[in-house]
Each structure stands twice: as C-alpha cells, then as structure tokens.
Amino acid sequence: MVCLKNLIRLKYFLIIFLLVLICILLALKIFTEYKKQENLAFNPEIQEFNSSIDLFRDNNQDFNQSDNIFKNYNYDQELNTSFLEKNLSIDDNNITDYKSNFDLNTSFSEQNLSSSDLNSSSLTQEMDTIKKENINQSKNNHTKKPKLVIIIDDMANSKQVSELKKLNLKLTPSFFPPDKTHKNTPQLALEFKFFMVHLPLEAINYNKPELNTLKVSDSKEHIDAMIKSIKKEFKGLRYINNHTGSLFTSDENAMRKLFDAFKKQDFIFVDSKTIGKTKALKLTKEFNQPYIQRDVFLDNEDNVSYIKSQLKQAIDLAHKKGFAIAIAHPRKNTFKALEESKEMLLEVNLVYLNEIYGN
C-alpha cells in the first residue's frame, strides 16, 4: 500500500518536473529570439539593406509582397555562404539585375538612394527631356544669329577647290563657265553641296576679259544659247552672279535680254554690283524676281588686315539688317584672313543663298 502511494507521488513529481522543464525551455527560446531581434535592430548594415529591399519592391515587380525578403537576392555563389555566416554583409557587385545610373561599386549607405533615384525609367525620361531642351535652346540661339553669305568668285581649278575646302567653312564657290582655259569647272562644282556660276559680262574698262564674256552687242539668240549651255553643264544650278560687267549691267536693253534667258532656264541673278548704275533692280521687278545684291567686297585690297576689317564690316551689317552678302576671291591672303577670323565668324551663321531666298 505504501509502495503504491510512493509511485503515485513520484509520478506527480515527474509531471511537475517536466512542466517546469518545458517552461524553462520556452523561456530560453523567447529570450533567444528577443536577443536576435535586438541584435538586428541595432545593426545599421541590415537596416540599410532592409530599406533598400523596400525600395527594390517599389521599383521591381519581381518581388512579391508575400515572399521572403531574401528570396530574389543574388548570393555569392563562389563562397556559397549565407547572410548570417557573412555577418549579414552586402556585396553590391552581386546585385546584377538592377539597372540604374548610379555607381554600384559604392555601398547603399554612400549612395543614399531614394525611390525616385532608383526609378531608372523616370530618370532616363527626365534626362532625355533636359537633353531635348538643351538642343532646342541651342537651335534657338543658332537661329537668332544674323546670317552671312560669303561668295568666293573666280573659281576655276582644282587647287582653288582644295584650298577652299581646307578652311572647313560654309562658303559658296562661284565657278566660271567652262572654256579652254578651265574646262572642268562643271565637274569641280559637283564637289560642293551648293555652288553658283560666275558669269563674265562686259566691263567698261577691263583688259583681261574671259574668253566667253557676254557683250552688250550680243544678240538675244547668242545670250539664250550661252545661258542654255550653262544650264546643261551645271547640274542643279540656281544662282548666277556677274564677273566684271560694269558696262553690261548698266545697259537696260542688254540686261533685259539676259533676264529673259534666265527666266527660260529658271535662274536667279545675284548682282555683284560692279557699278552703281546697275539696272538689275529694275529688271528683277519687271521679271518678278528677288533683287539680290552684294553688300561688301572683302578683298579689293590683297592685304590680310584689310580683308579682316572688311569681314568685320560685313558681320556688323548682318547684325543690323539680319543678313549680309560678301564677295571674295580665291587668293592666298583671303584664305589666310578667313582662317584667322573663324572666332569672329562665330557671331553669325554662315549660310547659302538658298537658306535666305529659298530654292
């Protein structure tokens, strides 16, 4: 009887012992979890990572709200270690799927990224907008500048073409019609995007006329044939200016024959204005053409300083009226003056005549 009571008492003790043991284990587990959370709470590296993960969630649809925050993080495959084994350190080089305009070689804390910064699509659009605004501003500044046309008369050979191209400026070559002294001018003209023809006309006093110079006494048929041949030789030609021509351009009857030939071939006359009594203005009105005239001769004197001063005059005139037309010649000093005046030429837009008058 006594033995039975002892067994029952032992059983109760065992039950109480087990319950106490279970309570102790639970308390230890709770304490351990608490310490873990406390350690995590005071680890700034983990806090930074957690905030970064939140930013990734906002900007990367591959993260699912219900997934574990470490699910899609790219672990260091070579070492094959866990976050806890690596003391929860972050290797930025392992984040391969995220695309941004920031340097991923720096830490998240150094970058101090915001959610708007991480949105690479929005950032790219913003940069594109700024770029377009800068381009538009540049275009606006470009179009506000006055325009300057510089025509280089007397173009006749390949050496002149080569020297003109070396300047790398938007200049307009005006070529002589072909004759036995310069047969290849039509072919040379094709080396340029825009060109003119420099038509020899009779002068009052000039002792070296070109071979095919048109004279006041020439018949209408002869002038027609000459202009028609020029149309055939120079593909795409639209503008013609006169070489010499003080006598011819001051003769109304001769100019009427010339303008009639121009009308047939759809040419526009540019008055080099070699004489003040030119009849070109009257004839342009009669034939319903724009009157285009030279404003400044750059190299009446074959002197670099003089040419620069004339170029400055042309630029000042362009500022006053919006555009100007200057004429020069393919001479050594002229090319040198233009080369040395490139900074001054930034004040204007060098253009072709068709950018002012069309066609």
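Helices here are DSSP runs of H or I with at least four residues, strands are DSSP runs of E with at least two, and both are numbered from the N terminus. This is a predicted model, in which local features need pLDDT of at least 70 and side-chain atom pairs count only at pLDDT 80 or more, while totals for chains, interfaces and linings use all residues. Residues are numbered from 1 along each chain as its sequence is written, and side-chain values use heavy atoms, with hydrogens and water left out.

**View 1. Lys165 in helix H6 and its partner Glu191.**
Welcome to the first close-up: Lys165 sits in helix H6. Its relative accessibility is 41%, so Lys165 counts as partly exposed (buried means under 20% relative accessible area, exposed over 50%, and partly exposed in between, with a 1.4 Å probe and protein chains only). Apart from neighbours within four places in sequence, Lys165 is in contact with Glu191 and Phe192 (contact means heavy atoms within 4.5 Å). The side chains of Lys165 and Glu191 form a polar contact at 2.8 Å. A polar contact is a pair of N or O atoms within 3.5 Å; within protein, one must be able to donate a hydrogen and the other to accept it, and residues adjacent in sequence count only if both atoms are side-chain atoms. Along the chain Lys165 and Glu191 are 26 residues apart, and their C-alpha atoms are separated by 9.6 Å.

**View 2. Thr185 in helix H7.**
Thr185 belongs to helix H7, which covers residues 185–189. With a relative accessible area of 0%, Thr185 is buried. Its side chain reaches the backbone oxygen of Phe176 at 2.8 Å. Beyond neighbours within four places in sequence, the contacts of Thr185 include Met155, Ala156, Pro177 and Phe234. Look also for Ser158: its C-alpha atom is 8.7 Å from that of Thr185, with the two positions 27 residues apart along the chain.

**View 3. Two buried strand residues, Thr172 and His243.**
Thr172 lies in strand S2, residues 172–175, and is buried at 0% relative accessibility. Not counting residues up to four places away in sequence, Thr172 touches Val149, Ile150, Ile151, Ile152, Phe194, Phe195, Met196, Val351 and Tyr352. His243 is in strand S4, residues 239–244, and counts as buried at 8% relative accessibility. With the same exclusion of residues up to four places away, His243 touches residues including Asp154, His198, Tyr206 and Glu210.

**View 4. Helix H12, from its cap to the glycine that follows.**
The 18 residues of H12 reach 26 Å from first C-alpha to last, close to the 26 Å expected at 1.5 Å a residue; the expected span is 1.5 Å times one less than the number of residues. At the N-terminal end, Asn303 acts as a cap, with a side-chain oxygen 3.0 Å from the backbone nitrogen of Ser305. Among the buried residues of H12 are Val304, Ile307, Leu311 and Ala318. The buried residues of this helix pack against S1, strand S7 (296–297), S8, H13 and H14. Just after H12 comes Gly322, which takes a positive phi of about 100°.

**View 5. The buried face of helix H13.**
In H13, residues 332–340, the buried residues are Thr334, Phe335, Ala337 and Leu338. Seen down the axis of H13, they fall within an arc of 160°, so they line one face of the helix; the arc is that of the directions from the helix axis to the C-beta atoms. These buried residues pack against several elements, including strand S1 (147–155), helix H6 (158–166) and helix H12 (304–321).

**View 6. Helices H8 and H10 packed together.**
H8 (residues 220–233) and H10 (residues 252–265) pack at an angle of about 35°, and their axes are 9 Å apart. Axes are lines fitted to C-alpha atoms, for helices over the stretch in contact, and angles run from 0 to 180 degrees between N-to-C directions. From H8, Ile223, Asp224 and Ile227 are among the residues that meet H10, whose side includes Leu258, Ala261 and Phe262.

**View 7. Two loop residues with positive phi.**
Asp266, in the loop between H10 and strand S5 (268–271), has a positive phi near 60°. Its relative accessible area is 44%, so Asp266 is partly exposed. Asn288, in the loop between helix H11 (280–286) and strand S6 (292–293), has a positive phi of about 55°. Asn288 is exposed, with a relative accessible area of 73%. As background, most residues other than glycine have a negative phi.
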